[in-house]
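This report walks through a protein model for a reader who has not met it before. Please keep the sequence and the structure in view while reading.

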Amino acid sequence: FTTNSGEWVHVDMSVKPDSISARVKTSNSDWTDVGVVSGDGRDYTQDNVGFYLPGNDEVAVANFRFVKH
């Protein structure tokens, strides 16, 4: 997944006891799955979840929303 600098990206993360999945969307694209992490016997709802930004990259967060299912 790549995008132009300054373009907004909508990130949707789903955290379940046995997995974390993520997908992204821009104004010019449909939803794109970017990965799933899963592990035997691990409850991801009991851990921290975040974004890894290499180097000097920056991210701004707007309209953050948490929905518990």
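## The segment after the last strand

In this predicted model, phenylalanine 66 has its place in the segment after β3. Its relative accessibility is 66%, and because exposed means over 50%, phenylalanine 66 counts as exposed. Between the C-alpha atom of phenylalanine 66 and that of aspartate 30 there is a separation of 22 Å, the two residues being 36 residues apart along the chain.

## The sheet

Strands of a sheet can pair in a parallel or an antiparallel way, through backbone hydrogen bonds. Here 3 strands make up an open sheet whose order is β1-β2-β3, and the pairing is antiparallel. The edge strands are β1 and β3, the latter covering residues 32-38, and each of them pairs on one side only. On average, and with direction ignored, neighbouring strands of this sheet are turned by 10 degrees against each other.

Strand β1 covers residues 10-16 and strand β2 covers residues 19-25, and the antiparallel pairing of these two runs over 7 bridges. One pair of residues illustrates this, since methionine 13 has alanine 22 in β2 as its bridge partner. The connection from β1 to β2 is a hairpin of 2 residues.

## A buried serine in the second strand

Serine 19 is part of strand β2. With a relative accessibility of 15%, serine 19 falls under the 20% limit and therefore counts as buried. Which residues is serine 19 in contact with, once its neighbours within four places in sequence are left aside? The contacts are Ser14, Val36, Val37, Ser38 and Tyr44.

## Charged pairs

How many salt bridges does a search of the whole structure find? The search finds 2 salt bridges. In general, side chains of opposite charge can pair when their charged atoms come close.

One of the salt bridges is formed by aspartate 12 and arginine 23, whose closest N and O atoms are 2.9 Å apart. Aspartate 12 lies in strand β1 and arginine 23 in strand β2, so this pair ties together parts that are 11 residues apart in sequence. Aspartate 12, at 30% relative accessibility, counts as partly exposed, and arginine 23, at 29%, also counts as partly exposed. A further salt bridge brings together the side chains of aspartate 47 and arginine 42, with 2.9 Å from N to O. Aspartate 47 counts as partly exposed at 34% relative accessibility, and arginine 42 counts as partly exposed at 45%.

## Aromatic rings

A search of the whole structure for aromatic pairs gives a count of 0. An aromatic ring does, however, take part in an arrangement with a charged residue, for arginine 23 lies over the face of tryptophan 31, at 4.0 Å from the ring centre. Arginine 23 thus appears in two settings described here, in the salt bridge with aspartate 12 and over the ring of tryptophan 31.

Definitions and conventions:
Residues are numbered from 1 along each chain as its sequence is written. This is a predicted model: local features need pLDDT of at least 70, side-chain atom pairs count only at pLDDT 80 or more; totals for chains, interfaces and linings use all residues. Side-chain values use heavy atoms; hydrogens and water are left out. Two strands pair if DSSP finds at least two bridges between them. Helices (H or I, at least four residues) and strands (E, at least two) are DSSP runs, numbered from the N terminus. Buried means under 20% relative accessible area, exposed over 50%, partly exposed in between (1.4 Å probe, protein chains only). Contact means heavy atoms within 4.5 Å. Axes are lines fitted to C-alpha atoms, for helices over the stretch in contact, and angles run from 0 to 180 degrees between N-to-C directions. A salt bridge is a side-chain nitrogen of Lys or Arg within 4 Å of a carboxyl oxygen of Asp or Glu. Rings of Phe, Tyr and Trp (its six-membered ring) pair if their centres lie within 6.5 Å; planes under 30 degrees apart count as stacked, over 60 as edge-to-face and the rest as tilted. A charge sits over a ring if NZ of Lys or CZ of Arg is within 6 Å of the ring centre and within 35 degrees of the ring normal.
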